[in-house]
Amino acid sequence: MQAGRTESFDDIYLDLSKQSGKCRLAESGLGWKVSGGQTFTLDKAEIISAQWSRAARGHELKVIARNAGVVQLDGFRQDDFDTIQKCFKVWYGVELIQKEHALNGWNWGKSEMGRNEFSFAVRNRPAFEIPYTEISNTNLAGKNEVAVEFSLPADGEETGTNGHLGGARSKGRKTGGATDQLTEMRFYIPGTETRKGKKKDDEDGEDDENAEEEGQEQNAATVFYETLMDKAEIGEVAGDTFATFLDILHLTPRGRFDIDLYEKSFRLRGKTYDYKVAYENAKRFFVLPKPDDMHQLLCIGLDPPLRQGQTRYPFIVMQFKRDEEVNIELNMTEDDLKSKYNGKLQPRYEAPIGNVIAKIFHGLTGKKLFQPSHDFTSHHGQSGVKCSIKANEGHLYCLDRAFLFVPKPATYISFDNVAVITMSRVGGAISASRTFDITVSLKNGAGEHQFSNINREEQAPLESFFKAKNLKTKNEMDLDSGMMAAALVDDPDLASSEDEVVANDRGSADEDDESVDEDFQADDESDVAEEFDSDAASSGGGSDAGSDAEMEDVDAGGDDDEEDSADKVERPKKKAKTGK
């Protein structure tokens, strides 16, 4: 091939782009450009390897680059293979390998961890490849099962495309523009795997007994998980951690996690699941005192939310004891504290653990810590009100610009989105209701949120807060009170208090005296006596006389105990005769 010559190919798609462009191979490297857009270039020194295979739009040239990672060029014809192979061999010194994909549909095979992508091979043919940039998280879902989660766009409008490159997919967002997106894949990996340790060059070999064994048996799923974590850079290097907090109780997602704080992200490490969260995805931080005077909550609002299978967690809710103090020194230099964080972080902390973690988050992210509004104090002098969403109990906090319900389901409602707040009573008898409900209706018909079983003592503080924040309210409780007053006028018997009603219902249940009721009238036919008395089955004609005789025996002190015992033995026979 002559020096300075170039090879051009039309209708080529870069990284699943929407528009096709022209791909050009030159001695200095390769380039791609869409009409009216920018040019993508790759220097020949960046090219590590290349692969040729069938793809969606014909044949694909996949290039593994040092910094750019996986570069996909799709739309070539089969006749282009010889030309491209010569260009790569002569100009770039790279052998273009032709690979055939496995198309038999088997779901078992071997995994291979490459430099930039993970591949799954069936009979030594790749079934599929996944670039590490598309993997957002991985977890040990079971003893022999590993879950791999894929990157998703932050919201429904984000497509992850680059408009200047014809809609080419950016790294970590290759599925962003698709209607249906693959979110998770699980691998079952049975058995054990031998992990080789480092060998020492000692001639005698005696010291090797105390060193690492040459072959160490380990769970194969664990080896796969740890290797993928390292390749996909999900867990950052332990030496880069600024601070670590162990065994922190989380209410959402439920469990205990270790917290590792890094420069640009933090990681939650649990027994089953691990999560890595970038600080840019942590939108809000809330420090909330729990109304039990013993605990403190730290809530972190996330967008996009955490995913655990098909469950999404838009909030992380941590719980700390208020009197539990911690003494920790940050793994930072003084220059970093001054230059990067402008004095927002201290080199050493000694305070309650909840406050320390909140302050470190504030320093690393630069985001405000929200606290309950000073305009609201509950009847019991607390910042939160106990209530429930459906069957889930929790606490509703009134912030300066929003409502926040925690822990599950964590619900954030901005005052800007509130149309009207309706207070109403529920339950059977209105006079006996000790609680009420709050229904927050959103603007533009966006739905509503109902908070139930709020103590009636909290009505006045909540109404005062709603008024102070200029929130439109509707009190249906006044209407209920008017209906109740009208009912009391019509029927004075309803005017009895709740305690009196309870006392009347109990009757003589509070009497401890077990003496015989002298006012008992044996000739009164009682449903209770007929249901529970042993003579109930034989009650009918002549039963009144028998009852009178028994009462006379009781008044006489029960002198004929033996005859009474004999009657008790014979009573089942009377029931049997009656049944016939």
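## Strand β33 and its neighbours

In this predicted model, Thr-422 stands opposite Lys-474, a residue of strand β36. The pairing between β33 and β36 (residues 473-475) is parallel and extends over three bridges. β33 also pairs with strand β34 (residues 435-442), here in the antiparallel sense and through six bridges, and within β34 it is Ile-438 that stands opposite Met-423. Strand β33, which spans residues 418-424, is mostly covered, with six of its seven residues buried.

## The eight-stranded sheet and helix α4

An open sheet of eight strands with mixed pairing follows the order β22-β21-β20-β19-β25-β24-β23-β28. Its edges are formed by β22 (274-278) and β28 (369-370), each of which pairs on one side only. Inside this order, β20 (residues 255-261) and β21 (residues 265-269) are joined by four bridges in the antiparallel sense, and Ile-259 has Leu-268 of β21 as its bridge partner.

Helix α4 lies across β19 (243-252), β20, β21, β23 (282-289), β24 (295-308), β25 (311-321) and β28, and its direction makes an angle of about 105° with β19.

## Nonpolar cores

The largest nonpolar core comprises 40 residues, and those with the most contacts inside it are Phe-245, Leu-261, Ile-360 and Phe-361. Helix α4 (residues 353-365) supplies the largest share of this core, namely seven residues. When residues up to four places away in sequence are not counted, Ile-360 touches Ala-243, Phe-245, Leu-261, Leu-330, Leu-345 and Tyr-349. A second core, separate from the one just described, has 27 residues, among them Ile-12, Ile-47, Trp-52 and Ile-84. As a general tendency, nonpolar side chains in soluble globular proteins are buried together.

## The three-stranded sheet and helix α2

Another open sheet consists of three strands in the order β9-β10-β11, with antiparallel pairing. Strands β9 (110-113) and β11 (125-131) are its edges, each pairing on one side only, and from one strand to the next the twist averages 20°. Six bridges connect β10 (residues 117-122) with β11 in the antiparallel sense, and Glu-129 in β11 is the bridge partner of Ser-119. Helix α2 (residues 220-231) packs on this sheet, where it touches β9 and β10, and its direction makes about 30° with that of β9.

## Backbone exceptions

Most residues other than glycine have a negative phi, and most peptide bonds are trans. Against that background, the peptide bond from Thr-252 to Pro-253 is cis, with omega near -15°, and Pro-253 is placed in the loop between β19 and β20. Asp-303 and Pro-304 are likewise joined by a cis peptide bond, with omega about 5°, although in this case Pro-304 is found in a strand, β24.

Two residues that are not glycine have a positive phi: Asp-11, at about 55°, and Asn-124, at about 65°. Asp-11 is found in strand β1 (residues 7-14), whereas Asn-124 lies in the loop between β10 and β11. Asp-11 has a relative accessible area of 52% and therefore counts as exposed, the cut-off being over 50%. Asn-124, with a relative accessible area of 74%, is exposed by that cut-off as well.

Technical notes. Residues numbered from 1 in each chain as written. Predicted model: local features only at pLDDT ≥ 70, side-chain atom pairs only at ≥ 80, totals over all residues. Heavy atoms only, no water. Core = buried A, V, L, I, M, F, W, Y, C linked by side-chain atoms within 4.5 Å. Buried < 20%, exposed > 50% of the residue type's maximum accessible area, 1.4 Å probe, protein only. Helix = DSSP H or I, 4+ residues; strand = E, 2+ residues; numbered from the N terminus. Contact = heavy atoms within 4.5 Å. Pairing = 2+ DSSP bridges. Axes fitted to C-alpha atoms, helices over the stretch in contact; angles between N-to-C directions.
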